[in-house]
Structure formats: C-alpha cells, structure tokens
Amino acid sequence: MQQGTLMRKVKSKSWKKQRYFKLQEDCMTIWYQSKRTGKTESAFSISDVETVREGHQSEVLQSVAEEFPPERCFTIVFYGRRGNLDLIAGSEEEAQCWVQGLRQLIEPRSFPLTFALVSSTWIRDWFQKADKNKDGRMNFKEVQRLLKMMNVDMNEDHALRLFQDADKSESGTLEGEEFVLFYKALTQREEVLSLFQEFSEDGKKLTLLELVDFLREEQLEDEGTEELAMELIDKYEPSETARARHVLSADGFLMYLCSPEGSIFNPQHRALWQDMSQPLCHYFISSSHNTYLIEDQICGQSSIEGYIRALKRGCRCLEVDCWDGPNGEPMVYHGHTFTSKIPFREVVSTLGKYAFKVRHPSPGAGGHGWSLVGEDTCAGGSWSCWPPAVQDPRGQGPYRCLVAQGASLYPTPQELKHKILLKGKKIGRLEDTLDGPGDEVPDVSDDDNGAEAEEERRRAKVRGTQHGSALQKDKETLAQALSDCVIYCKNVPFRGFQEARSHSRPSEISSLSEAKARKLIRDEGNEFVRHNASQLTRIYPSGMRTDSSNYSPQEMWNVGCQIVALNFQTAGTEMDLCDGLFSQNGCCGYVLKPPFMRDEETLFNPSDPSSREGPGPITLTIQVISGQQLPKVANSKEGAIIDPLVRVEIYGVSADQAHQETKYIENNGFNPHWDETLQFQLHVPELALIRFVVEDYDKTSRNDFVGQFTLAFANIKPGYRHIHLLSKDGTSIPPSSLFVHIQITE
C-alpha cells in the first residue's frame, strides 16, 4: 500500500478537502495530514473498518460522478453508526492500491478471531498509544501512563515489580517480547486458573478424560463429549507437544473459555437452526421504520446507507415512502417534512445488491405511500425498475400455485427464498390479479372446502357493497401495475378481532400504532395472540417520536406481533433487544414463535403466565465472577478509571420483568472481580430476553454506559461462560468481556 497519498476527502458536492493519508508502520492505523495546515491527527483504526466499496457507491460520490470517474473513487465503511469516509484518489492506480491494501488488512477478520489474535492486536494497539516518543521501547513512566489508559489503578511498587520481571535485558525499557511478558503477567486470570486446577490432578494440564469431566459436569455438554474435547484441544491448545499428547494446558483452557465454544451464546444457534417451513405469520420478523432516515424524522438525512445498514443487520421488513419528484421521477423521503430526498431508483438498486446477503436469503417486504405518478414510473409494465426478486404475479411462481390451492395460511420463508414481497394498497382482491376482475373467488375442487367457498362468495358480495366506494377511490389514486405487485401483504384497516376472524385472508396485513397496540394488549391480550397466530400485524412508532426514539418491542412480541418496526438509526435498549432476538438463526431476520403462539385456539395471555401450556417456571442463576479489559467511558477525563458494576435485566412478560445488579468495584476497569450471585424466576422463558449491562458507577449523577450484551433465553449455554461485550452501537469491543457461571433449574 502506498503511504502519504494525497486524496480528496468528500462530504458533499461543494465540500472537498485535500488530505495526505498514510498507513502507519503498525499496519493498524491510518493517519492523515491536512495539506493546508500540515497538522497530523489520527483518522481511524483498521479494526474500525467493516468494508471498502469501489466507485460511486454513496450519495456523496454519486453527486460528483460527472467530475470524477468511478475508478478514482472509493468509500470506507465503518462498523456501527459512524459515518462513511468518501475519498477520491489522484489516479486509478492510487485508488486500487488503497482499496486492495485495505481489503487485505481487514480480510483476516472475516474468519473467527482466536483469543490469541485479538489479544496480540490489542497489545500492539496499546503499545503504539503509550510509546509517546515512538522509539519502539517503553520506559517505566510510559508503562504507568499505559496502565491509566487501560483502566488499571495499580500500586506503583507492584507495577515496578512486574516491569522489572519482564525487563530481561535489564535495559530499563520494555520492547517486543518483553512487553508481551509484562502484558501476560498483568492479565493473569486467577479465577480461571483456580477452575483449571480444580479439574487437573497435577495442576499443570487437563488430560482428555479430565476435560471430558469438566465439559459434562460444569458445561453440561451431554452429546459427543469426548469428540468435542478432542476438537477443543486441537483448536485451542497452543503447544504442539500438548496437542500430540491430547492434553490441554492452562493457556489452552483460557483460550477455549474465551472462544465461541466458551461463549454464553449457544454457537449452534448462530447458524440457521429453526424450522423455516412454517407460515410467515408464525415468525417474528426483523423490521425497520422509515428505513431511509439516518437521523431524526423532521429534518434528518435520507440515505441509501439506512437500507444498507438495516439489511446487513438482518432486517427483513424495510420501509419505502415514495412521493412525486421532478420530471415524474419518484423520490423517497418522509412526506410533509424537511428531510432530504433520494431517488427511488437508487433505493431499488440498493435493495437488489444487498437484500439477500444475509446467510439465509429469506424474503423481504416493505413499501407504502405511493402516489399515482410515482407508481407508474416505478411499477410500469416493463418492470425495469424492480430487482428480479420482486415476484411478477402474472408469472407461474409460488404465489399463483399457493392461491390456486386454496391455501388458508401465508407461504413460508423457505418457499419465498430470494423473493421480495411488497406491502401496500391493492385494487380489489388477489384473485382478481391472478384471474382477471370478478366477484367470485376461484372454484375449489375439494368437497371439504365447498361450504367455505360458498360462504366466502357471500362475504365477498357483502364486502363489495360496503367498500365499493373505497375501491373506486383506490382505483383513482393507485396505479394498476403497482397494485398487481402487492400479493401477500395487502394493507387492510383493522376493525377489531371479531371482524378479522370472520373476514381476514392470508394475503392481508394490518398496521397499528404503538398506542393502539398497547390498548389491545391491555384489553384483549389473548385475542391478540390468537389473531397473530394466523394474520400478519405490523406495529409502528408514534408520530410524536420526531427524534427517532423507539418504543419497547418486547410488549408487542409478547402477543405475537410479527413486524415490530423500530428506528434502526437510534441506539439504545430497544435496539439492543431487537439485535438480541435476531442474532440467532443465522441472523436471517426470522425467529420462530413458541408453539403456544402459533395455535389459533391458544389460551395464552401475557398478562397471565399460568395460561401458558407447558412446564412450570424455571430459575435462572447467574454468578457474575469477573470482567476483563473493560473500555473507558467515551469522552472521559484523561487518567480517569471506571468504577464498574454489572446489571442483569430480564425482558419478557410482565411477571418476568426484573433487574438486579452487583456492587461497583472502585477504580478497576481492567480486571474487576465481583463474585456475586443473581437469581431470577422466569414464568415464560420462551419469550424472555436477557441483557447484561456494564456501567461506570457515579454517586452524584447517572451511571455511564460501558458495554452490553443481549440474547434470548433460548440461546443461553449453561456453565462457565464469557460474555463478549458490545458497544452502544452494537459493535464488538474486543477483548472486553464478562466471566460468569450460569445455572438453569426447573
């Protein structure tokens, strides 16, 4: 990769500043220098980079497309909600040098990171930060500064003793392997070593049988335990000699506990593990509200980045508000507000590129608010604007087949793989789209369904009389081509559960505001659960949430609402819950509801946990043992060290809502020890989400957020486990973690 390259940093069509960009010798940090002032400052770390896009793949670079060719342009995309960095190189060769170089640097992170790799990267980062004079060595004064930076408040005599032990060359400085030795002494895990020695006869190694005993007794691994033990030794034992003897050293034991196999999250549930052949209404579906917005609802920026970020998080239901634009070109923005606008064609192009990049290409849905001109432009008979994944109902795809068979439920995610469903208004009925206009539903050959068909004909005539004027209004404002695209997600008003039970079809969906949904939950909880066992329901935020804040999705999931739309651009507890629920099942955006929520005759009511069929309450016991290398609070004072505490929060039915917390540990964010036990009783564990939060205690004001991790109860692995913390944006902050012991009893 070239170093000291002069490139243009672009923020808008009129804002283009020249900067010298340079990769540091550690190959981990990109610095830039202003051409005008000559001032040098750190720009970003390689570990912050998610991907690199070539060409005009951002609105900013598209705005300068006529001025600069795509071969010179590229976009650096960061993890979380941090804005992208759009750059223009001086030549195509320079651009390719940076694009390929950055991709090679971030490529190893596409594979699972071992504890050793994370630690070595972290050591190098800290060394670079603390080595003020950049001589590649660290004196004791620099080490003391390093300890403050690492959240360690250590006695000076003890720190000096560790320093002198590591200084093998007796030079008064640490370099290379000496610093690694110092770091290992600093990170000695006494609680892990004690656990290791409890199962090791000689205190130096775990034999294969001793490891099997640990896996069975403590980790509750009950299938193929000996094979698992062999795999863990082969994978995590750093010594070739120990691997050959089929034994695990203390270092290997620690690496296992810090690995995915030692995580609190069941690694088998990271993959696609649920049945995907159930009707759509039997799943919780990851859903976003006003997806195009990346800021507030009134004056915020609309951007295709909103769609890209949501899709990469596994979101399956996106929102596209389309309005008339100049020259008949439809534009996407929040109508009747001052939000910026993006061309509809750019949104559709983005969906075509990113809709099915999750591990399981389940169907996506979305779209509403179309105007007549916009509809004809983007849904014309040529279908030129839509990606191929939008099913043409006039074809011979699964839609026609399922409807012709008289299906009484929605199709399944498996049947609709690589398809995009459009949710919106529709002229007439689905049968009219497939078979031409008419008042009658298709004839059904099965005699068992004859009475149902006759009753449906009668209801269709009644509906035709009652809603004839509404149908005429739809025809006046809705393009037929767009109407024909709406198949299994036809918008219909919600007129009560009795009406829905009598007249709803498996091609319809109703949308409810959060306030309306809460009232129904309070007054008719069981009816709501029954309704959602056979019909799709979408919940959207109150119009008063102009700041793009979110409501709690948990209460909506408690009654089986499938499409609970949240503002993905806003970090917080609500999005932590969303990410926690949908981080399982291959992150495909679909999570199967519990059996008692898929039964149309269920008695379950979330306000009465005893109405749930199945075993009684379970007890969740969590021993919070220790923390490792917790991050500093953002924007904290130099030299400040956190006073961490851990709070465990339970989200679920009202009877299960609870939280407990540990005491705080004063001045130790590096290796705090709590050794406290928290206990919870869960009446409906199938709906419970567990959120672990680390905060910096402050006795005079609100505690500061440090990190969190949220997961569904169904994904918890019992035993001694590490919890790898996430930032407020939901991105990982290695190697920050908690060490806990989990017990689940009935």
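Two strands count as paired if DSSP finds at least two bridges between them. I kept this criterion at hand while going through the model, which is a predicted one.

**Entry 1. Strand β23**

I looked first at β23 and its partners. With strand β30 (residues 732–745), β23 pairs in the antiparallel sense over nine bridges. I traced one of these contacts: Thr619 has Thr745 as its bridge partner in β30. β23 is also joined to β26, by eight bridges, and these two strands run antiparallel. There I noted Val624, whose bridge partner in β26 is Glu676. I then checked burial. Strand β23 spans residues 618–628, and 10 of its 11 residues are buried, so the strand is largely enclosed by the rest of the structure.

**Entry 2. Strand β17**

I turned next to β17 (residues 420–424). Five of its five residues are buried, so β17 too is largely enclosed by the rest of the structure. In a regular strand the side chains alternate between the two faces of the sheet. In β17 I found Ile420, Leu422 and Gly424 pointing one way, with Leu421 and Lys423 pointing the other way, and all of them buried. Lys423 is thus listed among the buried residues of the strand. The strand is joined to strand β18 (residues 489–491) by two bridges, and the two run parallel. Opposite Gly424, in β18, stands Lys490.

**Entry 3. The chain as a whole**

I recorded the overall counts. The chain has 24 helices and 30 strands. It comprises 746 residues, of which 53% count as buried. I also looked up the sequence range of the contacts: among those between residues at least 6 apart in sequence, 67% join residues at least 24 apart.

**Entry 4. Helix α2**

Helix α2 covers residues 92–106, 15 residues in total. From its first C-alpha to its last it reaches 21 Å, close to the 21 Å expected at 1.5 Å a residue. I listed its buried residues as Ala95, Trp98, Val99, Gly101, Leu102 and Ile106. These buried residues pack against five strands, namely β1 (5–10), β2 (16–23), β3 (29–34), β5 (49–54) and β6.

**Entry 5. Aromatic pairs**

How many aromatic pairs does a search of the whole structure find? The search returns 15. I examined Phe44 and Phe78: their ring centres are 5.2 Å apart and their planes stand at 75 degrees, so the pair is edge-to-face. Phe44 lies in strand β4 (residues 40–45) and Phe78 in strand β6 (residues 73–78), so the pair ties together parts that are 34 residues apart in sequence. Both Phe44 and Phe78 are buried.

I then examined Tyr664 and Tyr697, which form a stacked pair at 4.0 Å centre to centre, with 10 degrees between the planes. Tyr664 is in the loop between β25 (658–661) and β26 (673–682), while Tyr697 is in the loop between β27 (689–696) and β28 (704–712), 33 residues apart. Tyr664 is partly exposed, with a relative accessible area of 37%. Tyr697 is likewise partly exposed, at 27%.

I noted in addition one aromatic cluster, formed by Phe196, Phe199, Phe214, Phe253 and Tyr256.

**Entry 6. Charges over rings**

I found Arg270 over the face of Phe265, at 3.8 Å from the ring centre. Lys341 lies over the face of Tyr333, at 4.6 Å from the ring centre.

**Entry 7. Gln562**

Is Gln562 buried or exposed? It is buried, with a relative accessible area of 0%. I located Gln562 in the loop between α23 (554–557) and β21 (563–566). A polar atom of its side chain lies 2.9 Å from the backbone oxygen of Cys281. The backbone oxygen of Asn532 lies 2.8 Å from a polar atom of the Gln562 side chain. Leaving aside neighbours within four places in sequence, the contacts of Gln562 include Leu280, Tyr283, Phe284, Gln535, Leu536 and Lys593.

**Entry 8. Pro718**

My last item was Pro718, in the loop between β28 and β29 (719–726). Pro718 has a relative accessible area of 16% and is buried; the cut-off for this class is under 20%. Pro718 and Asn266 are 452 residues apart in sequence, yet 9.1 Å apart in space, C-alpha to C-alpha. Apart from neighbours within four places in sequence, Pro718 is in contact with Glu218, Gln219, Leu220 and Ile742.

How values were computed
Residues numbered from 1 in each chain as written. Predicted model: local features only at pLDDT ≥ 70, side-chain atom pairs only at ≥ 80, totals over all residues. Heavy atoms only, no water. Phe/Tyr/Trp six-rings, centres within 6.5 Å; stacked < 30°, edge-to-face > 60°. Helix = DSSP H or I, 4+ residues; strand = E, 2+ residues; numbered from the N terminus. Buried < 20%, exposed > 50% of the residue type's maximum accessible area, 1.4 Å probe, protein only. Lys NZ or Arg CZ within 6 Å of the ring centre and 35° of its normal. Polar contact = N/O pair within 3.5 Å; in protein donor to acceptor, adjacent residues only side chain to side chain. Contact = heavy atoms within 4.5 Å. Expected span 1.5 Å × (residues − 1).
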